[in-house]
Amino acid sequence: GFLLLYNPLKTAITRDIRIPLYYTGLEETAVIFSPERYEEMVVKMNRNYEVQLRVTIPAEGWIYYLIH
């Protein structure tokens, strides 16, 4: 999967978001890779095939994640 987040505000923001992964075909865990930080996280999905992720998006900027 691919996740792109955009922040149109003039200040950076940090948020906890839920990412629905039902249609990715993943079952119990997901590997979330952040190319900007070259960081990989293994996260467990809840019963609704969602994962919780804390993100910080720069002012008037964007970030993206690869999910597999």
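# A guided tour from Glu50 outward

Glu50 is buried, with a relative accessible area of 17%. The cut-off for a buried residue is under 20% relative accessible area, so Glu50 falls within that class. Please note that the model on display is a predicted one.

**Stop 1: Glu50 and its surroundings**

Begin by selecting Glu50, which has its place in strand β5. Next, display the residues that Glu50 touches, leaving aside those up to four places away in sequence: Arg18, Ile19, Pro20, Lys44 and Met45. Strand β2 covers residues 13-20 and strand β5 covers residues 50-57.

**Stop 2: the whole chain**

Now return to the full view. How many helices and strands does the chain contain? The secondary structure consists of six strands and zero helices, and the pattern along the sequence reads β-β-β-β-β-β. Along the principal axes, the C-alpha atoms occupy a box of roughly 40 × 25 × 15 Å.

A surface display may be added here. The chain exposes about 5,000 Å², of which carbon and sulfur atoms supply 52%. Of the 68 residues in the chain, 34% are buried. If contacts are drawn between residues at least 6 apart in sequence, 69% of them join residues at least 24 apart.

**Stop 3: the four-stranded sheet**

Select β1, β6, β3 and β4. In that order these four strands make an open sheet with antiparallel pairing. Why does one side of β1 and of β4 lack a neighbour in the sheet? Strands β1 (2-7) and β4 (39-44) stand at the edges and have a single partner strand each, so one side of each remains free of a sheet neighbour. From one strand to the next, the twist averages 25°.

**Stop 4: strand β3 and its two partners**

Within the sheet, select strand β3, residues 29-34. This strand is mostly covered, since five of its six residues are buried. On one side, β3 pairs with β4 in the antiparallel sense over six bridges. On the other, β3 pairs with β6, again in the antiparallel sense, over two bridges.

Ile32 is a useful residue to centre on. Its bridge partner in β4 is Met41, and its bridge partner in β6 is Ile67. Moving along to Ser34, one finds it opposite Glu39 in β4. The turn follows: β3 and β4 form a hairpin with four residues between them, and Tyr38 in this turn has a positive phi of about 50°.

**Stop 5: the nonpolar core**

In soluble globular proteins, nonpolar side chains tend to be buried together. To examine this here, select Tyr65 and Ile67. The largest nonpolar core has 17 residues, and these two touch the most other members. Which strand gives the most residues to this core? Strand β5 does, with four residues. Strands β1, β2, β3, β5 and β6 each supply at least two.

Keep Tyr65 selected and show its contacts, again setting aside residues up to four places away in sequence. Tyr65 touches Gly1, Phe2, Leu3, Leu5, Ile32, Phe33, Ser34, Arg37, Leu53 and Val55. Ile32, the centre of the previous stop, is thus one of the residues that Tyr65 touches.

**Stop 6: the aromatic pairs**

A pair of aromatic rings is described by the distance of the centres and the angle of the planes. The whole structure contains five aromatic pairs, and two of them are visited here.

For one pair, select Phe2 and Tyr64. Their rings are tilted, at 5.6 Å centre to centre and 35° between the planes. Phe2 belongs to strand β1 and Tyr64 to strand β6 (residues 61-67), so this pair ties together parts that lie 62 residues apart in sequence. Phe2 counts as exposed at 55% relative accessibility, while Tyr64 counts as partly exposed at 24%. Adding Trp62 to the selection completes one aromatic cluster of Phe2, Trp62 and Tyr64.

For another pair, select Tyr22 and Tyr49. Is their arrangement stacked or edge-to-face? The rings are edge-to-face, with 5.4 Å from centre to centre and 70° between the planes. Tyr22 sits in the loop between β2 and β3, and Tyr49 in the loop between β4 and β5; the pair links these distant parts of the chain, 27 residues apart. Tyr22 is exposed, with a relative accessible area of 51%, and Tyr49 is partly exposed, with 31%.

Note on methods:
Residues are numbered from 1 along each chain as its sequence is written. This is a predicted model: local features need pLDDT of at least 70, side-chain atom pairs count only at pLDDT 80 or more; totals for chains, interfaces and linings use all residues. Side-chain values use heavy atoms; hydrogens and water are left out. Two strands pair if DSSP finds at least two bridges between them. Axes are lines fitted to C-alpha atoms, for helices over the stretch in contact, and angles run from 0 to 180 degrees between N-to-C directions. Rings of Phe, Tyr and Trp (its six-membered ring) pair if their centres lie within 6.5 Å; planes under 30 degrees apart count as stacked, over 60 as edge-to-face and the rest as tilted. Buried means under 20% relative accessible area, exposed over 50%, partly exposed in between (1.4 Å probe, protein chains only). A nonpolar core is a set of buried Ala, Val, Leu, Ile, Met, Phe, Trp, Tyr and Cys residues joined through side-chain atoms within 4.5 Å. Contact means heavy atoms within 4.5 Å. Accessible areas come from the Shrake-Rupley method with a 1.4 Å probe; for residues, only the protein chains shown count as cover.
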